[in-house]
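Colleague: Before we talk, could you put the structure up, so that I can ask how each term is justified?

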Amino acid sequence: MEHILMKLPYGYDALEPMISQETLHYHYDKHHAGYVAKLNTLIKETVFESKTLEEIIKGADGAIFNNASQVFNHDFFWKSLSNKSTNQSTYLTSKIDEKFGSLEGFKKEFIDSAIGLFGSGWVWLCLDEENQLTIVTTSNANTPLTTKLKPLMVCDVWEHAYYLDYQNLRADYLENFWKLVNWDFVSSNLENAS
Ligand code: MN
């Protein structure tokens with residue numbers, strides 16, 4: 001089946017000044033759209049042609065895996081952000097407090113994990129098999145979808161996500177990321193995963 005580039009849930013200027021229009025154009029129009037186009041080309045006349053994105057991610061390797069996974073990871077990233085005011089559910093707040101002591105404790109561990117990730121990749125908040133929150137990083141195109149972890153939110157820490165706005169200052173990008181987190185999305189993912 002033809003994989004479709006998801007529609008951005010906000011305008012190109014909606015995330016300014018934390019993420020500029022210019023970054024969003026490159027990131028979504030070039031990088032994300034590029035993964036979708038490449039995936040559609042690669043799966044032609046293979047066993048993956050009729051599979052869903054999730055089935056491809058769980059069954060493929062090499063370039064097909066990389067492009068499929070990058071489509072899923074970017075879809076999840078755009079949904080993890082919002083230009084609106086959003087709220088943590090009471091349940092999410094209690095799970096964060098239980099695991100990290102406080103929201104500040106959670107942010108610190110998330111940022112430390114992201115800064116500690118060498119090279120390109122992603123930092124995720126997931127729910128593990130014991131129903132506990134956990135922060136994991138994945139390199140390159142890797143994704144928790146191939147594990148038992150259920151993803152709740154993600155931050156893209158490939159350089160293409162921040163370099164135009166922050167150059168090499170990944171930590172500054174991560175500080176501003178919190179101003180954009182879509183807590184409604186994270187809360188509803190937790191609800192569905194529990
Ligand atoms: Mn990206």
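Modeller: What follows is a short set of questions and answers about the metal site, burial and the domains.

Modeller: This is a predicted model, in which local features need pLDDT of at least 70 and side-chain atom pairs count only at pLDDT 80 or more, while totals for chains, interfaces and linings use all residues. Residues are numbered from 1 along each chain as its sequence is written, and side-chain values use heavy atoms, with hydrogens and water left out.

Colleague: What makes His27, His74, Asp156 and His160 donors of the manganese ion?

Modeller: Donors are N, O and S atoms within 2.8 Å of the metal (3.2 Å for Na, K and Ca), and because water is not among the atoms, sites may look incomplete. His27 (NE2), His74 (NE2), Asp156 (OD) and His160 (NE2) coordinate the manganese ion at 1.9 to 2.1 Å, so they fall within that limit.

Colleague: Why is His74 called buried?

Modeller: Buried means under 20% relative accessible area, exposed over 50%, and partly exposed in between (1.4 Å probe, protein chains only). His74 has 0% relative accessibility, so His74 counts as buried; Asp156 is buried too, with a relative accessible area of 0%, and Leu145, at 12%, also counts as buried.

Colleague: How do you know how many salt bridges cross the interface of domain 1 and domain 2?

Modeller: A salt bridge needs a side-chain nitrogen of Lys or Arg within 4 Å of a carboxyl oxygen of Asp or Glu, and across this interface the rule finds zero. The domains, whose bounds come from an automatic or database domain assignment, are domain 1 (21–79) and domain 2 (90–193).
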